[in-house]
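Here are some exercises to work through with the model open beside you. Try each task before reading on to its solution.

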Amino acid sequence: MSIPMLFGPYGSSALSFIDRFARYGANTLWFHGFDPVAFAACARHQIVPCVEFKTFRADFDAHPELIPIGVDGKPIRYGKLVQGVCLSQADFLAETEANLLAGLRDFAPTGIWLDYLTYAGWFEEPMPDLQESCFCHACITEFCNATGLDAVTPTEILATYRDRWTRHKCERIAHYAAHYAQLIRTQRPGCIVGAYMCPWTPDEFDGALTRIFAQDYTLLTPAIDVFTPLIYGTKSGRTPEWGRNWLAASASFVPATAKVQLILDVLDFPASLAALGEADSPGWGVQVFGGAEIFANPAWAELFRKVVAQMAARQSD
Ligand SMILES: [Zn+2]
């Protein structure tokens with residue numbers, strides 16, 4: 001990849017400060033969807049445009065058919081924030097793919113980060129409500145066809161075939177990752193394919209990274225160039241060192257050929273960014289959710305510049 005390490009804010013609200021990015025070492029803006037205003041501003045200011053592309057997230061109130069089915073045979077519980085859909089919903093998947101293809105036709109992003117590329121749940125909280133899914137008839141049939149097993153009920157699947165079920169879910173997510181990556185690389189050769197990730201290590205919450213969210217780094221690595229765990233410390237009840245610690249641990253579960261790049265939350269500033277600056281292996285650049293606030297605050301902007309310089313220096317060590 002001949003692209004420099006990428007540093008910058010996530011969110012179109014940072015467009016107001018785009019003329020200050022270069023001064024503080026930010027070379028990239030990540031923004032939601034194929035936003036023409038953001039692309040135009042990036043072109044004017046020579047800032048790298050990167051798209052966050054929504055995969056498996058929907059308004060369940062408007063589309064209840066997309067709600068995954070839980071162990072009890074009923075739609076899963078969900079609150080204000082939830083990601084993941086029943087992956088047997090062909091119309092939804094076709095619409096997602098059409099949105100991606102339309103964006104690839106009309107715009108030339110430097111990178112596309114696939115978001116919500118998971119089974120159902122929400123992980124940006126200290127005490128997450130974790131539920132196994134999707135046990136709709138079509139998803140159980142898909143499991144049986146893919147594995148050659150003959151299981152009918154959620155109870156039977158979890159009691160007898162738990163590991164195969166988890167593996168199957170991870171393979172299903174990895175299949176879509178590979179499919180979207182192939183579309184991106186065919187339409188826009190050289191475009192970076194990133195993925196936003198559940199920020200838990202494989203052991204936390206009883207293996208929920210794979211068991212619930214179905215994100216397996218090894219299976220995803222052929223599709224994904226850059227893995228970006230969502231290090232939202234305050235929301236998740238973690239310390240400012242969480243990101244630095246995740247990076248130190250990641251070598252044991254992220255294949256060495258893949259790049260890692262944290263997304264920090266401005267709610268955790270400035271301590272989380274300062275901690276990242278001290279990391280031995282700080283990753284391939286950094287994103288900051290709500291990062292517009294960095295550039296409105298000279299002290300934070302200066303810290304950002306300093307950490308970018310530290311990270312660039314480590315890479316050339
Ligand atoms: Zn389903």
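## Exercise 1: Cysteines and the zinc ion

A search of this predicted model, taken as a whole, turns up 0 disulfides. Cys 144 is accordingly in no disulfide, and the nearest cysteine sulfur, that of Cys 139, is 11 Å away.

**Task.** Find the protein donors of the zinc ion, and work out which geometry their angles give the site.

**Solution.**

Step 1. Start with the atoms around the metal. The donors are the SG atoms of Cys 86, Cys 134, Cys 136 and Cys 139, at 2.2 to 2.4 Å from the zinc ion.

Step 2. Place these donors along the chain. Their spacing reads C-x47-C-x1-C-x2-C.

Step 3. Look at the angles. The 4 donor atoms make angles of 102 to 114°. Four donors count as tetrahedral if all angles lie between 85 and 135 degrees, and the zinc site is tetrahedral. For comparison, the ideal angle for four tetrahedral donors is 109.5 degrees.

Step 4. Check the exposure of some of these cysteines. Buried means under 20% relative accessible area. Cys 134 is buried because its relative accessibility is 1%, and Cys 139 counts as buried at 1% too. Cys 144, the cysteine discussed at the start, is also buried, with a relative accessible area of 13%.

## Exercise 2: Two cis peptide bonds

**Task.** Which residues are joined by the cis peptide bonds with omega near -5°, and where do Cys 134 and Pro 270 lie?

**Solution.**

Step 1. Take the bond that involves a zinc donor. Ser 133 and Cys 134 are joined by a cis peptide bond with omega of about -5°. Cys 134 sits in the loop between β4 (111-115) and α3 (137-147).

Step 2. Move further along the chain. From Phe 269 to Pro 270 the peptide bond is cis, with omega near -5°. Pro 270 belongs to the loop between β8 (262-265) and α10 (271-277).

## Exercise 3: Positive phi outside glycine

**Task.** Gln 46 and Asp 206 each have a positive phi without being glycine. Where does each lie, and is each buried or exposed?

**Solution.**

Step 1. Gln 46 has phi of about 55° and is found in the loop between α1 (36-45) and β3 (48-54). Gln 46 is exposed because its relative accessibility is 74%.

Step 2. For Asp 206, phi is near 55°, and the residue is part of helix α6 (residues 204-211). Its relative accessible area is 62%, so Asp 206 is exposed.

## Exercise 4: Walking across the sheet

**Task.** Trace the strand pairings that run from β2 through β3, β4 and β5 to β6.

**Solution.**

Step 1. Strand β2 (residues 28-32) runs parallel to β3, joined by 5 bridges. Trp 30 stands opposite Cys 50 in this pairing. Together β2, α1 and β3 form a right-handed β-α-β unit.

Step 2. β3 is also parallel to β4, again through 5 bridges, with Glu 52 opposite Trp 113. Here helix α2 (residues 90-106) completes a right-handed β-α-β unit with β3 and β4. β3 is largely enclosed by the rest of the structure, because 6 of its 7 residues are buried.

Step 3. From β4, 4 bridges lead to β5 in the parallel sense, and Gly 111 faces Ile 192.

Step 4. β5 then pairs with strand β6 (residues 226-231), parallel and over 4 bridges. Met 197 has Pro 229 as its bridge partner.

Step 5. Now look at the side chains of strand β5 (residues 192-197). Ile 192, Gly 194 and Tyr 196 point one way, while Val 193, Ala 195 and Met 197 point the other way, and all are buried. With 6 of 6 residues buried, β5 is therefore largely enclosed by the rest of the structure.

## Exercise 5: Where α5 and α6 meet

**Task.** Which residues of α6 are buried, and what do they pack against?

**Solution.**

Step 1. The buried residues of α6 are Gly 207, Ala 208, Leu 209 and Arg 211. They pack against α5 and α7 (217-220).

Step 2. Look from the side of helix α5 (residues 162-187), which contains Thr 166. Apart from neighbours within four places in sequence, Thr 166 is in contact with Thr 210 and Arg 211.

Step 3. Finish with exposure. Thr 166 is buried because its relative accessible area is 13%.

Methods
Residues are numbered from 1 along each chain as its sequence is written. This is a predicted model: local features need pLDDT of at least 70, side-chain atom pairs count only at pLDDT 80 or more; totals for chains, interfaces and linings use all residues. Side-chain values use heavy atoms; hydrogens and water are left out. Helices (H or I, at least four residues) and strands (E, at least two) are DSSP runs, numbered from the N terminus. Buried means under 20% relative accessible area, exposed over 50%, partly exposed in between (1.4 Å probe, protein chains only). Contact means heavy atoms within 4.5 Å. Donors are N, O and S atoms within 2.8 Å of the metal (3.2 Å for Na, K and Ca); water is not among the atoms, so sites may look incomplete. Four donors count as tetrahedral if all angles lie between 85 and 135 degrees; four count as square planar and six as octahedral if opposite donors are over 155 degrees apart and all others between 65 and 115; anything else is irregular. A disulfide is a pair of cysteine sulfur atoms within 2.5 Å. Two strands pair if DSSP finds at least two bridges between them. A crossover is right-handed if, with the strands pointing away from the viewer, the path from the first strand over the helix to the second runs clockwise.
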